[in-house]
Amino acid sequence: MVSLAIFGIENNSILAVTALLTGIALVALAMLIAKLIGPRSFNPQKGEAYECGIPTRGNSMTRFSVGYYLYAILFLMFDVEAIFLFPWAVRVRDLGSAGLISIAVFLGFLILGLAYAWRKGALSWK
Amino acid sequence: MLDFSNITGWIHDLLASFMAPWLVVLTECVLIGVGLLLAYSLLALFYIYFERKVCAAFQCRLGPNRVGPFGLLQSIADMFKILIKELISLKHTDKFLFALAPYLVIAASMLAFAVLPWGNGLQVIDFNIGIFFLIAVSSIGVLGILLAGWSSNNKFTLIGALRSGAQMVSYELSIGLSVITMVAFAGTMSVPGIVAAQSECWFIFSGHIPAIIAFIIYMIAGTAETNRGPFDLPEAESELTAGYHTEYSGIHFGFFYLAEYLNLFIVAGVASLLFFGGWMPLHIPGWEGFNDVMNYIPGPIWFIGKAVALSFVIIWFKWTFPRLRIDQLLALEWKYLLPINLFNLILMVLVIVYGLHGPVVPVQ
């Protein structure tokens, strides 16, 4: 009842590349138009960083709080887990209670990991 | 039900009657590209107008009402204004990454946009892992935001980009787990498959309690994913000027603005796909006459209607809740939403195994 892809194109990679090129073309076209019709004036003050009005001090491409890295590492762990969960989720109807037990063990380990990180204080922002 | 593959098939046959096969595919791809471009920009213009009107209504104002009837042409005028603004070239930026960031943000949202089901046979990218592809490409957007903040070489943009990065990767987990819950319920990852599985009853009604929990978590995480509402601290204007896009001017800034509104539509569109049946009309099992009447309303109207209604809810959040702090934001995700989501997944499997749910059309 639900019908086929658009124009009956079987190879979806072509369509994905089309969408990607459309996105790139949108930015490139708009940039071209803006460069053609936009005004241009030179002023040394305009090129300064937009901060507080006084000349900026130091470089901003510098080290930053380690808290962000901790969340990035935790994210990595759970995101990889999500990739493992997807194929299981598609088949869960056929697997029945065996699928439930196996995934409960898997998720149990993950929740233990989260509990460990929580206990160690990785989840509280400092 | 109106089947758009008849129309596209007719165009395909027409083109194939006088063109070489490779030229037919090329022409069709150009047609699809132009269609995507039009839909993308028109929706963004509509959303800017919509948000301003809703915001005005919440604050007892009128909103834009001078340009065109009811101010409908206001966002088109704004688009022209932003196109003729100067693109300021800055001294201390990393020129290459600075120019690359808008491409990443727009390309990511365009790829995700192309996966959405607009109607029967009116869907551009139809992978059998459709919803997984959508999550994968929409997470490229965070790279663009991080690059924009880093390459601007400005303290405000750096802080804004880091907050945004931490927030978006954290809430992506909740989105992913909510999607996994619904994929387990539907038994397929393909977008038309998920829509077809809801042809008797939408998942929010047939999915028992776990579907409702997944929906609530999805809406909270989706709001955070679009940097909106109570979670807009990456661009908290009272602390960080404009967050990660402070240094962008003219249309360069416009791209981030555009992608932000389109991401709002994509989040609402995915919510309507997973929980409200995508383009599938409202069907109540047993009410044959009612279902037949609903079938006369075309799919695109259903899909856009649901997506706009859900984005209204997300805009409503913004004008209701005060902004969170970064520690509250991360605690909400890691200490509440993530554990609830993991238990909700197990609950969903219990519902599936013991057959407590409503009618789901099985995927062959």
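In the predicted model, B:N153 is buried, with 21 other C-beta atoms within 10 Å. This asparagine lies in the loop between α6 (141-151) and α7 (155-186) of chain B. Although B:N153 is not a glycine, its phi is positive, at about 55°. A second asparagine of chain B, B:N227, likewise has a positive phi of about 55° without being a glycine. B:N227 occupies the loop between α10 (208-225) and α11 (237-240) of chain B. Because 24 C-beta neighbours fall inside 10 Å of B:N227, and the threshold for burial is 20 or more, this residue also counts as buried.

A positive phi also occurs in chain B at a glycine: B:G277, located just after α12(B), adopts a value of about 80°. The preceding helix, α12 (residues 251-275) of chain B, contains 25 residues. At 1.5 Å a residue, this helix should span 36 Å, and the separation of 35 Å between its end C-alpha atoms agrees with that expectation. Of the 25 residues of α12(B), 23 are buried, so the helix is largely enclosed by the rest of the structure.

Chain A contains three helices and zero strands, arranged along the sequence in the pattern α-α-α. Its radius of gyration is 26 Å, whereas the globule rule gives 14 Å for 126 residues; the former is well over the latter, so chain A is more spread out than a compact globule. The C-alpha trace of chain A extends over about 70 × 55 × 20 Å along its principal axes. Within this chain of 126 residues, 20% count as buried.

The contact between the two chains involves 66 residues from chain A and 81 residues from chain B. On the side of chain A that touches chain B, the elements giving two or more residues are α1 (12-37), α2 (67-95) and α3 (97-119) of chain A. The largest share of this side comes from α1(A), which provides 19 residues. Classified by residue type, the side of chain A that touches chain B comprises 45 nonpolar, 14 polar and seven charged residues.

Technical notes: Residues numbered from 1 in each chain as written. Chains lettered and ligands numbered in written order. Predicted model: local features only at pLDDT ≥ 70, side-chain atom pairs only at ≥ 80, totals over all residues. Contact = placed C-beta atoms within 7 Å. Helix = DSSP H or I, 4+ residues; strand = E, 2+ residues; numbered from the N terminus. Nonpolar A, V, L, I, M, F, W, Y, C, P; charged D, E, K, R; others polar. Expected span 1.5 Å × (residues − 1). Buried ≥ 20, exposed ≤ 12 C-beta atoms within 10 Å, placed from the backbone. Rg over C-alpha atoms; globule rule 2.2 N^0.38 Å.
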